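Q: Could you take a close look at the aromatic rings in this one for me? I'd like to know which side chains pair up and what surrounds them.

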Amino acid sequence: KRFIPAVGPGYDDTLIRPWNAHNVRKRRGGAYYDAMWQAALATEPHAVSVTSYNEWGEGTQIEPAVPYTSKGGRAYKDYLPDPPDHYLA
């Protein structure tokens, strides 16, 4: 059997599941993502899975992001003060 660890940049789905705040994982400017990768690679895995690659509703996106507020007033997370491609650099 092979172990394939999963990494993610953080997690915050409280915009769509406000009762789930106990599962929020702060991004800490990319430090959480880096720590996840370090822990995953320390296991010398066959592969690593990136969880929720661009799931904006869960705040796990790593694609380029700029500040955006919908017409309904929902503000989506960006990477400020870091550049839009912070998680791809």
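A: Here's a walk through the rings, with the rest of the chain as a backdrop. Keep in mind that this is a predicted model.

Let's set the scene. The chain has one helix and four strands, and along the sequence they come in the order β-α-β-β-β. Its C-alpha atoms fill a box of roughly 50 × 30 × 20 Å along the principal axes. There are 89 residues, and 27% of them count as buried. If you take contacts between residues at least 6 apart in sequence, 52% of those join residues at least 24 apart. The accessible surface is about 6000 Å², with 56% of that belonging to carbon and sulfur atoms.

Now the rings. The count comes to five aromatic pairs. One of them is W56 with Y76, an edge-to-face pair with 6.4 Å from centre to centre and 75° between the planes. This pair links distant parts of the chain: W56 belongs to the loop between β2 (49-50) and β3 (68-69), while Y76 sits in strand β4 (residues 75-76), 20 residues apart. So are these two buried or exposed? Neither, as it turns out: W56 has a relative accessible area of 26%, so it is partly exposed, and Y76 is partly exposed too, at 27%. The cut-off for buried is under 20%, which means values like these fall outside it.

Then there's the cluster. Ring pairs tie Y33, W37, Y79 and Y87 together. One of its members also has a charged visitor: R27 lies over the face of Y87, 4.8 Å from the ring centre.

Y33 gives us a way on to a glycine, since Y33 is among the residues that G8 touches. Leaving out residues up to four places away in sequence, G8 contacts Y32, Y33, M36 and T51. G8 itself is in the loop between β1 (6-7) and α1 (31-42). With a relative accessibility of 9%, G8 counts as buried, because the limit is under 20%. As for A75, it is 67 residues from G8 along the chain, and the two C-alpha atoms are separated by 21 Å.

A few backbone details are worth a look while you have the model open. In the segment after β4 you'll find P81, and the peptide bond joining L80 and P81 is cis, with omega at about 10°. Two residues that aren't glycine have positive phi. R28 is one of them, with phi near 50°; it is in the loop between β1 and α1, and at 53% relative accessibility R28 counts as exposed. E44 is another, with phi of about 50°. E44 is in the loop between α1 and β2, and it also counts as exposed, at 72% relative accessibility.

Last, the charges. The chain carries 10 positive and 10 negative side chains, and the centres of the two sets lie 7 Å apart.

Conventions. Residues numbered from 1 in each chain as written. Predicted model: local features only at pLDDT ≥ 70, side-chain atom pairs only at ≥ 80, totals over all residues. Heavy atoms only, no water. Helix = DSSP H or I, 4+ residues; strand = E, 2+ residues; numbered from the N terminus. Buried < 20%, exposed > 50% of the residue type's maximum accessible area, 1.4 Å probe, protein only. Contact = heavy atoms within 4.5 Å. Areas by Shrake-Rupley, 256 points an atom, 1.4 Å probe, with all protein chains shown as cover. Lys, Arg positive; Asp, Glu negative; His and termini not counted. Charge placed at Lys NZ, Arg CZ, Asp CG, Glu CD. Phe/Tyr/Trp six-rings, centres within 6.5 Å; stacked < 30°, edge-to-face > 60°. Lys NZ or Arg CZ within 6 Å of the ring centre and 35° of its normal.
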